[in-house]
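Let's take a walk through a protein chain together. Have a look at the picture first, and then read on.

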Amino acid sequence: MSQWIAVSKDDHAQWYYWPRDKYHFAHAQQVVPVLLAELGKLLPHFALGFIKEQGAYTPVALLSLDGKTNHYLHPEGKWLGTYVPAALRGYPFRLAEQQGESKQLVLCVDQTVLTEEPSAKPLFDEGGQLAKGVAKTLDFLTQCEKNRQVTAACAQKLADAGVIEAWPLEIGRGEGNEPLKVNGLYRINEKALNGLGAEALHALRGGPLSLAYAQMFSTHQLHELTKRIEYLAQAGAAQGVPENIDSLFDSGEDDDLTFDFDS
């Protein structure tokens, strides 16, 4: 379980951290927030939907259907796929609101990775500035946060237009088995979207419509999840999941900190 604390020169100038070791931290993650900027990378591999938190809709990629395990992970933590969503790539760092009235975002680190072992990565350099690797991650997280705000605004416009609805998702599990029901998801109501007048539709041009169509088109990727569930179950029951399982899902492990998702 991650324990996030603000990175402070006063408190952590002499501390080190262990960098991300694959993606063990996301083992039980069911969905992951996604950005408008990465839709093109997500569509070939993920089914997208929305979740509702504090009255606002957040676009997410589905990582699991069983409520237990992230089906994009090898049991040893390797990502099984060609693209890792941006929200997972900044670990063990993240931006979070500072406690108090300012609501300012500050750089935080998972406390469980901190160490006094010099063989790990330093948080700060000898001049008291963020170490190069940490500064690069901060820049990546900052760019992601800017696009997150754009993405949230687009989702809000879709909600205001009345085109987001509850998604009663059911996945068939073969003859004799009850379908798997996934609760708490939302989707675009295609009929409502197509029924919008010219003025309302014009107001959604650009990001909101891109997000809407991406969600609808992405539902064809539900087979990615069912395929993973079936394979992982069969391989695990037989002899454990083989190391080369990623080749079945075209793994390229795109996990760098580049924000230019079109490159």
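What follows goes from the whole chain to its sheets, a helix, the core and a few single residues.

## Ground rules

This is a predicted model, where local features need pLDDT of at least 70, side-chain atom pairs count only at pLDDT 80 or more, and totals for chains, interfaces and linings use all residues. Residues are numbered from 1 along each chain as its sequence is written, and side-chain values use heavy atoms, with hydrogens and water left out.

## The whole chain

The protein chain has eight helices and 13 strands. Those names come from DSSP runs: helices are H or I with at least four residues, strands are E with at least two, and numbering starts at the N terminus. Of its 263 residues, 40% count as buried. Here, buried means under 20% relative accessible area, exposed means over 50%, and partly exposed is what lies in between (1.4 Å probe, protein chains only).

The accessible surface of the chain is about 14,400 Å², and carbon and sulfur atoms account for 48% of that. These areas come from the Shrake-Rupley method with a 1.4 Å probe, and for residues only the protein chains shown count as cover. Now for contacts, meaning heavy atoms within 4.5 Å. Taking contacts between residues at least 6 apart in sequence, 72% join residues at least 24 apart.

## Two open sheets

One open sheet has three strands in the order E1-E7-E6, with antiparallel pairing. Strand E1 (4-6) and E6 are at the edges with a single partner strand each, so one side of each has no neighbour in the sheet. On average, neighbouring strands of this sheet are turned by 45° against each other, direction ignored. For angles like this, axes are lines fitted to C-alpha atoms (for helices, over the stretch in contact), and the values run from 0 to 180 degrees between N-to-C directions. Strands count as paired if DSSP finds at least two bridges between them; E6 and strand E7 (residues 105-110) are joined by five, running antiparallel. Glutamate 97, for example, has leucine 105 in E7 as its bridge partner.

Another open sheet of three strands is ordered E8-E2-E9, again with antiparallel pairing. Its edges are strand E8 (114-115) and strand E9 (121-122), each with a single partner strand, so one side of each is left free of a neighbour in the sheet. Strand E2 (residues 16-17) pairs with E9 through two bridges, and tyrosine 16 has proline 122 as its bridge partner in E9.

## Helix H4 and the core

Does the length of H4 fit its residue count or clash with it? Helix H4 (residues 132-160) has 29 residues, which at 1.5 Å a residue should span 42 Å, and its end C-alpha atoms are 42 Å apart, so the two agree. That expected span is 1.5 Å times one less than the number of residues. H4 lies across E6 and E7, at about 50° to E6. Its buried residues include Val134, Phe140, Leu141, Cys144 and Leu158. Just after H4, glycine 162 has a positive phi of about 75°.

A nonpolar core is a set of buried Ala, Val, Leu, Ile, Met, Phe, Trp, Tyr and Cys residues joined through side-chain atoms within 4.5 Å. The largest one here has 63 residues, and among those touching the most other members are Phe46, Leu158 and Leu169. H4 gives this core its largest share, seven residues. Leucine 169 touches Leu62, Leu65 and Leu222, among others.

## Residues in loops

Proline 92 sits in the loop between helix H3 (86-89) and strand E6 (93-97). The peptide bond leading to it from tyrosine 91 is cis, with omega near 15°. Proline 92 is buried, because its relative accessible area is 3%. Its contacts include Trp4, Tyr17, Trp18 and Cys108.

Which loop holds glutamine 221? Glutamine 221 is in the one between helix H7 (207-218) and helix H8 (222-238). At 13% relative accessible area, glutamine 221 is buried, and it touches Leu43, Pro44, His45, Phe46 and Ala47, leaving aside residues up to four places away in sequence.

Lysine 22 and glutamine 54 have positive phi values too. For lysine 22, in the loop between E2 and strand E3 (31-33), phi is near 60°. Lysine 22 is partly exposed, at 35% relative accessibility. Glutamine 54, between strand E4 (48-53) and strand E5 (56-62), has phi near 50° and is exposed, with a relative accessible area of 88%.
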